[in-house]
Every structure is written in structure tokens, then in C-alpha cells.
Amino acid sequence: MTDDRRSAGAPTLEDVARAAGVSRATVSRVINGVRNVDPAIQEVVRQAVSVTGYAPNRAARSLVTRRADAVALVVSGAGVEAEAGVGTGAGAGAGAGRARG
């Protein structure tokens, strides 16, 4: 893959590093909040992030951290309630109304 194709896609850490005039490792430290980077360099990197439009790749980050930072919701019997009448007003309240009428 050539640099031309890569620069046409989403900006990478390398693109930010090139724009800031620092190493890829320095950009990574600033983005991840490591505190041992000079404040002036942090500002240069933040400006380069803004100019390039860099956003961390969540899939790549989850591979490194082994965390997806996602929450799953499992619903058992989804779609069955409507067919059985559960939750549609056909419960005890509706039955009591029929008994009166």
C-alpha cells in the first residue's frame, strides 16, 4: 500500500506525527494521556489532531486493550409477547374488564 492511498483514507497516528513534527510514540502518549510529555509538545500534537481530523480506531484499540467498552442487552423471547398477548392489554386488567361487561 502506498502513502497516497493511506492518506486518502482516515488519518493515522503517522499522519498526525508528521503534521506535528514528532514521533508516532509521542502522538500515542498524548492521545492516551501519558503525563511525561512536555505541555508545549502536547499542544502541538493536539493541534495536529484537530487539523488532520484524527480519531482513534476503536476496533484497533479494543485489540490492544482486550476490552470492547460495549454493553450487550439480551432479550429472551423477543417477538413472542405480541403473539401471546403479553404486554398488549390482554392480561389480568383486561380480563377483569370483560368479567364486568
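Trainee: What makes the contact between the side chains of D69 and R67 a salt bridge?

Mentor: A salt bridge needs a side-chain nitrogen of Lys or Arg within 4 Å of a carboxyl oxygen of Asp or Glu. D69 and R67 come to 3.7 Å, N to O, so the pair fits that rule. Keep in mind that this is a predicted model, where local features need pLDDT of at least 70, side-chain atom pairs count only at pLDDT 80 or more, and totals for chains, interfaces and linings use all residues. Residues are numbered from 1 along each chain as its sequence is written, and side-chain values use heavy atoms, with hydrogens and water left out.

Trainee: How many salt bridges turn up in the whole structure?

Mentor: The search finds 3. One of them joins R24 and E14 at 2.7 Å, N to O. That pair links distant parts of the chain, with R24 in helix α3 (residues 24-31) and E14 in helix α2 (residues 13-20), 10 residues apart.

Trainee: Why is R24 called partly exposed?

Mentor: Buried means under 20% relative accessible area, exposed over 50%, and partly exposed in between (1.4 Å probe, protein chains only). R24 has 44%, so it counts as partly exposed. E14, at 37%, is partly exposed too.

Trainee: What about D15, buried or exposed?

Mentor: D15 has 15% relative accessibility, so it counts as buried. Its salt-bridge partner is R18, at 3.1 Å, N to O. R18 has 59%, so R18 counts as exposed.

Trainee: Why are D15 and R18 separated by about one helical turn?

Mentor: Because they sit 3 residues apart in helix α2. Helices here are DSSP runs (H or I, at least four residues), numbered from the N terminus.

Note on methods:
Helices (H or I, at least four residues) and strands (E, at least two) are DSSP runs, numbered from the N terminus.
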